[in-house]
Structures are given as C-alpha cells and as structure tokens.
Amino acid sequence: MTGAHLAADLANLVVEGRTGGGGVGAGELEAVLRTHEIRRPALTTRQAQVLRVWGARLRAVFEASGTEERCTAINALLVEGTAGVFLTTHDGRRPHLHFTPEDDDVVGRVRAVTAGGLAIFAVEAEGRRLGVCARSTCVTVFVDTSRNGRREYCSARCGNHDAVQRHRTQLRAGR
C-alpha cells in the first residue's frame, strides 16, 4: 500500500494552488518521502523538479473516469517508472517486490514504488478505489481503503461540509 498512498500524497502536494503548486520545495517532498519510509530521501533541486512533474502525472490515475482509462494511465507510468520486478528482503523486512534495483537513485525508486504500487492496488481493487474528492471545491485525491469501497470524499470533514450544504440548499428551496 505504500506506493498507492505515496502516489496520492505526491499528487496532492504538487497540485496547483496547494503549497505553492509547482513551487513545492525539496524539503516538503523529502518530508513526504520520509513519511512513507523511502530510503535515502535527500533530493537535489533537479530531482525535486522531476518528482513535481511525476506527482502531476500521478493525478491522472486518480482522475480517470473508469477502469480502462485508469489502467492506461498506470501502464504509462509503469513503462516510464519501472525497470523490472525484483524480490528483496532489505533492512530485515519480509520479502517484497521492488520495481527498480535497490541501488537506483531516489527519483527512480519513487517512480517505481508509485507506479508499481498503483498497479498492485488497481489489481486488488479491480481498477476502482482511487479517486478525487466529490466536494466541488476540493481537489484532494485519495486511496479508498474503506470496507465497502464506496468512498467519495477525501475526509469526513469534506463529506460533512457537503451534507450541510445540501441540507441548507434543500431548506432554501423549501421556503
């Protein structure tokens, strides 16, 4: 799940109008990488720029209108972001898959973990459970790990806000 959640966080961090949009700095990107336990997260200015562009490309997966479009978007990321499939047990962890060699630079590893993670999640979720918040003023993308898989909002706050707005609209219409 690391890859799918990291993809959502990167897509949300670089979206225009949030944290300066394309101006998000290396430090902010590094903090996100550390949160997701990406090894050796230090970024150069150039690497930060590449990850900002990658984060913007990740949004297409969450914004896809259906399974076929989502799979096409993930396949494009896989072509560009992965170098193969490798089974590894680094740092005392149980065996898991990597989609690039362990000695790849941070950009290669982030691109591989997000592309591969989204692909694995899409398989498990049957091409669904990735989306953009249904609140009209929110652009946050999310990974739906809810029990029923019918999540529409990025947070309970956005869902509650929409419910209050609908209620107020109904009250005004009834007057």
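These legends go with close-up views of a predicted model.

**Figure 1. The whole protein, helix by helix and strand by strand.** Start with the overall layout: six helices and four strands, strung along the sequence as α-α-α-α-β-β-α-β-β-α. The C-alpha atoms fit in a box of roughly 65 × 35 × 30 Å along the principal axes. Of the 175 residues, 42% count as buried. If you take the contacts with a separation of 6 or more, 50% of them join residues 24 or more positions apart.

**Figure 2. A look into the largest nonpolar core.** This core is made up of 35 residues. Leu29, Leu33, Leu58, Val61, Phe62, Val110 and Leu118 are the ones with the most contacts inside it. Two or more residues each come from α1 (2–14), α2 (26–35), α3 (45–63), α4 (67–81), α5 (106–124) and β4 (141–143). Apart from this core lies another one with six residues, including Cys133, Phe142, Cys154 and Cys158. As a bit of background, nonpolar side chains in soluble globular proteins tend to be buried together.

**Figure 3. Zooming in on Leu118 and its neighbours.** What does Leu118 touch, once residues up to four places away in sequence are left out? The list runs to Ala4, Ala7, Leu58, Val61, Phe62, Ile74, Leu77 and Leu130. Leu58, Val61 and Phe62 may look familiar, since they also sit among the residues with the most contacts inside the largest core.

**Figure 4. Where α1 passes α5.** Two packed helices are described by the angle between their axes and the distance between the axes. For α1 and α5, the axes come within 7 Å and cross at roughly 115°, and the crossing is left-handed. On the α1 side, look for Gly3, Ala4, Leu6, Ala7 and Leu10. Their partners in α5 are Val110, Val113, Thr114, Gly117, Leu118 and Phe121. Sorted by class, this contact has eight nonpolar residues, three polar ones and no charged ones.

**Figure 5. α5 from end to end.** Is α5 mostly covered or mostly open? Mostly covered: 15 of its 19 residues are buried. Its length works out too, because 19 residues at 1.5 Å a residue should span 27 Å, and the end C-alpha atoms are 26 Å apart, which agrees. After the helix comes Glu126, with a positive phi near 55°.

**Figure 6. Two loop residues with positive phi.** Glu37 sits in the loop between α2 and α3, while Asp91 is in the loop between β1 (86–88) and β2 (96–98). Neither is a glycine, yet phi is positive, near 55°, for Glu37 and also near 55° for Asp91. Buried or exposed? Glu37 counts as exposed because its relative accessibility is 52%, and the cut-off for exposed is over 50%. Asp91 comes in at 58%, so it counts as exposed as well.

**Figure 7. Gly25 and Thr35, with a partner for each.** Gly25 is in the loop between α1 and α2, and its 24% relative accessibility makes it partly exposed. Arg147 is 122 residues from Gly25 in sequence, and their C-alpha atoms are 35 Å apart in space. Thr35 belongs to helix α2 and is exposed, with a relative accessible area of 60%. How far is Thr35 from Thr2, C-alpha to C-alpha? The separation is 9.9 Å, for two residues that are 33 apart along the chain.

Technical notes
Residues numbered from 1 in each chain as written. Predicted model: local features only at pLDDT ≥ 70, side-chain atom pairs only at ≥ 80, totals over all residues. Heavy atoms only, no water. Core = buried A, V, L, I, M, F, W, Y, C linked by side-chain atoms within 4.5 Å. Buried < 20%, exposed > 50% of the residue type's maximum accessible area, 1.4 Å probe, protein only. Contact = heavy atoms within 4.5 Å. Axes fitted to C-alpha atoms, helices over the stretch in contact; angles between N-to-C directions. Left-handed = near helix turned anticlockwise from the far one by under 90°. Nonpolar A, V, L, I, M, F, W, Y, C, P; charged D, E, K, R; others polar. Expected span 1.5 Å × (residues − 1).
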